[in-house]
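Student: Could we go through this protein together, step by step, with me asking and you reasoning each answer out?

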Amino acid sequence: MTGIMDTVEMPKLPENQKSFAGIPEAIFLEEIDSFMSQPENEENCEKVLQRLDEQHSKYRFMAYNLEARKRKLKSQIPDLQRSLEMIDVLRKETEERETQFLLSDQVFIKTIVPPTKTVCLWLGASVMLEYPLDEAEVLLKQNMTSAISNLKTVEHDQDFLRDQITTTEVNMARVYNWGVKKRQAAVKAAGGASTSS
């Protein structure tokens, strides 16, 4: 399967975008004093930390959803691969074959499968269609390519999102430390003023 993964290229990102899912970029706060003196921050450490925590929670939620999507795609790709392999087996069959298939959970039934030139594929939403083997192979290969491409975009977005989470956590630490220094300076100034009186 790794050979197939290498042949499918990740799609190009839309212009001026850094993620496929439209994840907003976290801006690193280089000048914390100038950032905290902006009117929307009003030098209110708690309000800024609350906004950053909300942003961090949104990023974590996005990470959870991307991980679920990645798991689904990673399970879908081997299923598609097995379906393609089965088409090859069916194409080579010239005689009837005795086999077992799953009837329900842990219940198998023996049957005889005659040579065939068609196969039924689940398309989703409880829809199954019969395809000639060649058309089924084309459809499965398209689905495989699409799944691999989607997996690569999800992995790219996960990497991007990890960077945004880290940047937000660093920003939260820097704002918190800024608040601690402000409080310490206020205590020191208040302490210095009371001793001089």
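**Charges and helices in a predicted model**

Tutor: Let us begin with one pair of charged residues: Glu137 forms a salt bridge with Lys141, and the closest N and O atoms are 3.5 Å apart. Please keep in mind throughout that this is a predicted model.

Student: How many residues apart are Glu137 and Lys141 in helix H4, and what does that separation amount to along the helix?

Tutor: Both residues belong to helix H4, which covers residues 133–196. Because Glu137 and Lys141 are four residues apart there, the separation is about one helical turn.

Student: Is Glu137 buried or exposed, or does it fall in between?

Tutor: A residue counts as buried when its relative accessible area is under 20%. Glu137 has a relative accessible area of 17%, so Glu137 is buried. For its partner Lys141 the relative accessible area is 45%, and that makes Lys141 partly exposed. The answer for Glu137, then, is buried.

Student: Which residues are linked with Glu137 in a network of salt bridges?

Tutor: Side chains of opposite charge can pair when their charged atoms come close. We have already seen the pair formed by Glu137 and Lys141, and this pair belongs to a network of salt bridges. The residues linked with Glu137 in that network are Asp88, Arg91, Asp134 and Lys141.

Student: How far apart are the closest N and O atoms in the salt bridge between Lys58 and Glu54?

Tutor: Lys58 and Glu54 both lie in helix H3, four residues apart, or about one turn of the helix. Lys58 has 48% relative accessibility and counts as partly exposed, and Glu54, at 47%, counts as partly exposed too. A salt bridge requires a side-chain nitrogen of Lys or Arg within 4 Å of a carboxyl oxygen of Asp or Glu, and in this pair the closest N and O atoms are separated by 3.7 Å.

Student: With which residue does Glu93 form a salt bridge?

Tutor: Glu93 has a relative accessible area of 21%, so it is partly exposed. Its partner has 42% relative accessibility and also counts as partly exposed. The closest N and O atoms of the pair are 2.9 Å apart, and the residue that bridges to Glu93 is Arg97.

Student: How many salt bridges are there by this rule?

Tutor: The pairs we have discussed include Lys58 with Glu54 and Glu93 with Arg97. When the rule is applied, the count comes to 12.

Student: Asp157 has no salt bridge, so which side chain of opposite charge is nearest to it, and how far away is that side chain?

Tutor: Asp157 is found in helix H4, and it is buried. Setting aside neighbours within four places in sequence, Asp157 is in contact with Ser19, Phe20, Ala21, Ile23 and Leu66. A salt bridge would need the nitrogen and oxygen atoms to be within 4 Å, whereas the nearest side chain of opposite charge is 5.9 Å away, and it belongs to Arg69.

Student: Which residues does Lys70 touch, if those up to four places away in sequence are not counted?

Tutor: Lys70 is found in helix H3, which runs over residues 45–92. At 18% relative accessibility, Lys70 counts as buried, since the limit for that word is under 20%. The residues that Lys70 touches are Leu151, Val154, Glu155 and Gln158.

Student: How far apart in space are Asp163 and Thr99, from C-alpha to C-alpha?

Tutor: Asp163 is found in helix H4, and at 47% relative accessibility it counts as partly exposed. In sequence, Asp163 and Thr99 are 64 residues apart. In space, their C-alpha atoms are separated by 51 Å.

Student: Stepping back to the whole chain, what is its radius of gyration, beside that of a compact globule of 197 residues?

Tutor: The protein chain has four helices and four strands, and from the N terminus on they run α-α-α-β-β-β-β-α. Its C-alpha atoms fill a box of roughly 105 × 40 × 25 Å along the principal axes. A compact globule of 197 residues would have a radius of gyration near 16 Å, but the value for the protein chain is 29 Å.

Student: What percentage of the 197 residues in the protein chain is buried?

Tutor: The protein chain exposes about 13,800 Å², of which carbon and sulfur atoms supply 54%. Among the buried residues we have met are Lys70 and Glu137. Over the 197 residues of the protein chain, the buried share is 27%.

Methods: Residues numbered from 1 in each chain as written. Predicted model: local features only at pLDDT ≥ 70, side-chain atom pairs only at ≥ 80, totals over all residues. Heavy atoms only, no water. Helix = DSSP H or I, 4+ residues; strand = E, 2+ residues; numbered from the N terminus. Rg over C-alpha atoms; globule rule 2.2 N^0.38 Å. Buried < 20%, exposed > 50% of the residue type's maximum accessible area, 1.4 Å probe, protein only. Areas by Shrake-Rupley, 256 points an atom, 1.4 Å probe, with all protein chains shown as cover. Contact = heavy atoms within 4.5 Å. Lys, Arg positive; Asp, Glu negative; His and termini not counted.
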